[in-house]
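Here is a protein to explore together. Take a moment with the sequence and the 3D view, and then we will walk through them step by step.

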Amino acid sequence: DNNIPPLNQKAATGGLGLDMDEAIKVAASACPTNFDCANSSTKAQYIDDLKLKTILWQISFTSSSGKLFVVQINAATKKIIIR
């Protein structure tokens, strides 16, 4: 898709913020007490939020029973946007 902007230039200039390991730690710190993030499978992806003009991390934790917990983090400020 030609409408998806590449992130190569931001990566080269350090503009992507948090690395994946740190993003997962931030997301896990927001884990609800009734959800076991530590023993869930984890997926992480960068999202280029064109509306907010910022890079977000989206971290998804999936429990063995299929329950899902998703966190979006501003990669530059470490602020949790959605949980």
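Let us begin with the link between two cysteines. The model you are looking at is a predicted one, and in it the bond joining Cys31 and Cys37 is right-handed, with 95 degrees about the S-S bond. The two sulfur atoms of this disulfide, one from Cys31 and one from Cys37, lie 2.2 Å apart. If the word is new to you, a disulfide is a covalent bond between the sulfur atoms of two cysteines. How many disulfides does a search of the whole structure find? The search finds one.

Are these two cysteines buried or exposed? A residue counts as buried when its relative accessible area is under 20%. Cys31 has a value of 17%, so Cys31 is buried. Cys37 has a value of 7%, so Cys37 is buried too.

Now step back and look at the whole chain. The protein has two helices and four strands. Follow the sequence from its start and you meet them in the pattern α-α-β-β-β-β. If you drew a box around the C-alpha atoms along the principal axes, it would be roughly 40 × 25 × 20 Å. Of the 83 residues in the protein, 31% are buried.

Next, let us look inside. The largest nonpolar core has 16 residues, and those touching the most other members are Trp57, Ile59, Phe61, Phe69 and Ile73. Which elements give two or more residues to this core? They are helix H2 (20-29), strand E2 (54-62) and strand E3 (68-74). Strand E2 provides the largest share, with four residues.

Trp57 is a good residue to click on. Leaving aside residues up to four places away in sequence, Trp57 touches Leu18, Asp19, Met20 and Ala23, as well as Ala44, Gln45 and Tyr46. The list for Trp57 continues with Val71, Gln72, Ile73 and Ala75. Contacts across the sequence can also be counted for the whole protein: among contacts with a separation of 6 or more, 42% are between residues 24 or more positions apart.

Finally, come back to the outside. The accessible surface of the protein is about 5700 Å², and carbon and sulfur atoms account for 51% of it. The protein also carries 9 positive and 7 negative charges, and the mean positions of these two groups are 7 Å apart.

Terms used. Residues are numbered from 1 along each chain as its sequence is written. This is a predicted model: local features need pLDDT of at least 70, side-chain atom pairs count only at pLDDT 80 or more; totals for chains, interfaces and linings use all residues. Side-chain values use heavy atoms; hydrogens and water are left out. A nonpolar core is a set of buried Ala, Val, Leu, Ile, Met, Phe, Trp, Tyr and Cys residues joined through side-chain atoms within 4.5 Å. Buried means under 20% relative accessible area, exposed over 50%, partly exposed in between (1.4 Å probe, protein chains only). Contact means heavy atoms within 4.5 Å. A disulfide is a pair of cysteine sulfur atoms within 2.5 Å. Accessible areas come from the Shrake-Rupley method with a 1.4 Å probe; for residues, only the protein chains shown count as cover. Lys and Arg count as positive and Asp and Glu as negative; His and the chain ends are not counted. The place of a charge is taken as NZ of Lys, CZ of Arg, CG of Asp or CD of Glu.
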